[in-house]
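User: Could you give me a close look at one part of this model, the sheet and what lies around it? I'd like one connected account, please.

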Amino acid sequence: MKILIVDDFSTMRRIIKNLLRDLGFTNTHEADDGSTALPVLRSGNFDFLISDWNMPGMTGIDLLKAVRADPRINKLPVLMVTAESKREQIIEAAQAGVNGYVVKPFTAATLEEKIKKIFERIG
Amino acid sequence: MFDELTGSIPASILPAEADEIGKINDLNEKSPQQLWQDRRITQVEELLALYQTGQMEQGEKLLREMSGAGDAFDLFREIGRLTRELHDNIHAVLEDERLFKLAHKEIPDVTERLKHVIEMTEQAANNTLSAVEAGLPKIEHLRGQIHQLQSDWQRFRLRQMTFEEFRILVPCLSEFLKSAESDAQEIGRCMTDIMMAQDFQDLTGQIIRRVIGLVQDVEVKLVQIIRVSGAKIPEIQFFATESPIQAMGPATPSVDQNAVACQDDVDDLLSSLGF
């Protein structure tokens, strides 16, 4: 399972990376915004994307839309992990095709639950 | 000139008119509006009389006067007064020491201070994570050794252990006690590091409190400037133009509306959308 973690704060990437390692996912990669993540995703055979929303450069929502618009990677499961918590934003992400949405601050249990749920649904 | 356009008399030019008319009318009994009307009626009557008696030149002069020359004078005087007032107010703002200090020193400073807050919190998070990453393998190591010794100890208590095995167990036990002590010391150090990393809360809290004070000062000064410029402060419409999906970071309770309170709310919202 190859996972890309996209967040502009390295500490948050580190936290997510550690949590994923505890869950048994060791093949994790990092990017600090949408514009650096997109070329990595297009060339890297990733199985899962975890992205923040609020990032300089390309935001997470734009990254999500770009992923869904690209036929090579449009099936990639995407989990949004973000402090953006307005209803309009969650609806926007849902309409853009997000697979899960976790609001910060979050717990290890929440992250695990959402990841498992996504995989169950995808099968 | 104003009354034709707006249907009313500019309040600012009324006192001068009223003074003039006061010579022929009773100032105490009539409203400025009535005085204005009286004056106009008198002027029209005079004008009619002038034209009827063939005094065309004087008639034209009066007509010009009626069509605004006198009003224009008052208007210019009023503009002059307002300009002076504005000038004084602008100078009062420009010479305000607090505002000068805010603009030249404190606002540039605050940017640095806030950057420092980000650095400190990042440092604290990294220190904590490093300590956890250093401590976890020690705990893992301890657990592994304990697991091994437990089964040996069990066999020893049940007298299932040969003397030869016991001879091997003894140095293992000594080794474990020694390494357990050093692991525990190491874990203790990690815990202390984690504890110490939390000092950012105090440090950044102080800086942020200072920034809040500064923002309040700026707010007061901005309101003063808006008052001087005479502009009306529009209601909350500023925010209406903000896109609801614009990223804006963590929601602050009591500031941000329409934000979900917790993960359960997110889940409810998503399930209502068919997720």
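Analyst: Happy to! Axes here are lines fitted to C-alpha atoms, for helices over the stretch in contact, with angles from 0 to 180 degrees between N-to-C directions. The model is predicted, so local features need pLDDT of at least 70 and side-chain atom pairs pLDDT 80 or more, while totals for chains, interfaces and linings use all residues. Residues count from 1 along each chain as written, with chains lettered from A and ligands numbered from 1 in written order.

Let's start in chain A, where 5 strands (E runs in DSSP of at least two residues; helices are H or I runs of at least four, all numbered from the N terminus) make an open sheet in the order 2-1-3-4-5. The pairing (at least two DSSP bridges between two strands) is parallel. At the edges sit strand 2 (28–31) and strand 5 of chain A, each pairing on one side only. Neighbouring strands are turned by 20° against each other on average, ignoring direction.

At the strand 2 edge, strand 1 (residues 3–6) of chain A joins strand 2 of chain A through 4 bridges, in the parallel sense. Within that pair, Ile3(A) has Thr28(A) of strand 2 as its bridge partner.

Now to the other edge: helix 5 (residues 108–122) of chain A lies across strand 4 (78–82) and strand 5 of chain A. Relative to strand 5, this helix runs at about 175°, and so the two are roughly antiparallel (over 145 degrees).

Strand 5 of chain A also leads us to the neighbouring chain. The contact between the chains (C-beta atoms, placed from the backbone, within 7 Å) takes 25 residues from chain A and 19 residues from chain B. On the chain A side, helix 1 (10–22), helix 4 (87–96) and strand 5 (100–103) each supply at least two residues. Helix 4 of chain A gives the largest share, 7 residues. By class, the chain A side has 11 nonpolar (Ala, Val, Leu, Ile, Met, Phe, Trp, Tyr, Cys, Pro), 7 polar (the others, with Gly) and 7 charged residues (Asp, Glu, Lys, Arg).

Across that contact, chain B has 9 helices and 0 strands. Among them, helix 5 (residues 97–157) and helix 7 (residues 199–229) of chain B pack at about 155°, their axes 9 Å apart. These two helices are therefore roughly antiparallel to each other. Their contact includes Leu102(B) and Val110(B) from helix 5 of chain B, and Leu203(B) and Ile207(B) from helix 7 of chain B. Its residues divide into 14 nonpolar, 3 polar and 5 charged.

Technical notes. Parallel < 35°, antiparallel > 145°, perpendicular 65-115°, else oblique.
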